Amino acid sequence: MSTDVSNSILTTRIDATSARYEANMRFMADLVSAIRNEEEQIREGGGARAIDSQHGKGRLTARERIQHLVDAGSFFELGTYAAYRMYEEWGGAPAAGVITGLARIETRMVMIIANDATVKAGSFFPLTAKKVIRAQNIAIENRVPTVYLVDSAGVFLPLQEDVFPDADDFGRVFRNNAVMSAMGIPQIAAIMGMCVAGGGYLPVMCDHVLMTEGSGLFLAGPALVQAAIGQRVSAEELGGAAMHSSISGTVDFQEPNDEACLGRIRSIIEKWGYRRQSPWDRKKPVAPALAVEEIYGIYDSSPARPYDIKEIIARIVDSSRFDEYKPDYGKTLICGYARIGGFAVGILANQKVHAQATDHQGRKRIEFGGVLYTESAEKAARFIMDCNQNLVPLVFLHDVNGFMVGRDAEWSGIIKAGAKMVNAVSNSVVPKISVILGGSFGAGHYAMCGKAYDPRFVFAWPTAKYAVMSGESAAATLVEIKIRQLERDGNKLSEEQKKQLFESVKQTYDEQMDPRYGAARLWIDRIIDPVETRDAITTALEAAALNPDIAEFKVGVLQT
């Protein structure tokens, strides 16, 4: 990969006919295919019988409602893998029983939060609440108007202790409703089925409340009312659409069915005004000069076969144009300016190609690709500060093993340099978007803007690996500790026992490093096809552009 200095256009050196390229292509295609097949299963929700039951009530499913509501082809789903392979003792909860994502309605970007009544009647599992809160937090941080399609039986009672009480549990949803309203973020709620108990507060704390005939909104259903106060009352009389429309005055619009209700939402949104202009610079998007499909053949997950991250960047950024920052310093971390989808961005990307460097004593050394050295961390800290100074959003492309270790690294001040980089990332006020391409391990994950450092969005390729260290390293470390413990007690493991222990630990770590494991727990917002990387980042930047407010940039005390 070379850079034309006169115009900063990245050119390619890949051989698309090589055996390595073709093997990489097949490997990535298989992973992407597996993800797509699993997502199709997840999208079936509670299954065919549950879907038929929903249709039997004269109601659309959550996904059908979204399809009717949004501009065609605009739904960008988030959290598809939430609760993946979790709650299996209760029959599972595909997508955590709630569908969230960004979409456009009458060209306006919105956040959609839709209960899936085919999954345990739309009940809230622990991950359901956390997924709704994650969607709300994205809406808060980016000032995205939010539409709730409510069809839920409330808290899943067998797991109430994990749903009800804590700061990031069920009650946070309603707190966020109030905060979003106070911030001027429009919220529309449509009650399109059951909305009972504490969940009844969600729609009523929104700016607009719609309700379809045959739906129910009440703090306690007829059975509980009879048990509590001995009053016999029908669901319709207690909390039907007609009552809330004409007697309690809770509902703004009473609609005969789902289709009419969704049409009304579109009509309301179509008349909204516009907020202040975004401060992030955007020009007309220009496609990369190189074919994005070639990413499949370029990316290589083997440490023995390093790939050039600039080959990936060239297929993501507009016109394949990239102004590299300090290209001859700290070469294991590539920094530079570009545009993605027309937006100006600063990119930080781990370089997997080994680099030759010269230390302060004039000695030559090889720097390992994917490792953060003192020089690369210092370069990154300065680059992040520059981007904040000049209002340039940041994109982090992760494939990081961690920070360099050993005497030379410690003497060079690696901890001090790493702290500088972490400080800059932590206090950054411009939008940050993280994409995990390969490994994202340990403190390197933190420095590259991991989930704890408030990226607006976290995306991952199917090749992503997400843990404190690799399975190989963890297994080797834990086996060594186990051997020492046994030897202190006068015992000794055979070579076969050592091998079994190693494989057992490695298998556990490998399972937990899988991006689906992280996505199930909402550490990752969406697993993306590598060819969707540019579109995913663009969508994230379009969301971020709805928030014109920027805090003052301060980094506090930096180690020098």
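Which helices and strands each supply at least two residues of the lining of the largest cavity? Let's work through that. Keep in mind that this is a predicted model.

The answer is a mix of strands and helices. Strands β6 (146-152) and β7 (187-196) each supply at least two lining residues, and so do helices α5 (170-182) and α6 (201-204). Of these, β7 gives the most, with 3 residues.

How much space does the largest cavity hold? About 100 Å³. Its lining is made up of 13 residues. Closest to the centre are Phe124, Val150, Ser152, Cys195 and Gly199. By class, the lining has 9 nonpolar and 4 polar residues. Charged residues are absent from it.

Now the wider count. The structure holds 4 cavities of 30 Å³ or more. I'll take one other.

The second largest cavity has a volume of about 70 Å³. Which helix gives the largest share of its lining? That is α4, residues 126-142, with 4 residues. Look along the chain for the lining residues. Leu78, Gly79, Thr100 and Met111 are among them. So are Lys131, Arg134, Ala135 and Ile138. Leu522, Ile524 and Asp525 also line this cavity.

What about the classes here? The lining of the second largest cavity divides into 6 nonpolar, 2 polar and 3 charged residues. Set that beside the largest cavity, where the lining has no charged residues.

To recap. The largest cavity has about 100 Å³ of space, and β7 gives the most to its lining. The second largest has about 70 Å³, with the largest share of its lining from α4.

How values were computed. Residues numbered from 1 in each chain as written. Predicted model: local features only at pLDDT ≥ 70, side-chain atom pairs only at ≥ 80, totals over all residues. Heavy atoms only, no water. 1 Å grid on protein atoms, 1.4 Å probe; cavity = no way out; pocket = protein on both sides within 12 Å on 5 of 7 lines; lining within 4 Å. Points joined across faces, edges and corners; volume = space filled by probe spheres on them. Nonpolar A, V, L, I, M, F, W, Y, C, P; charged D, E, K, R; others polar.
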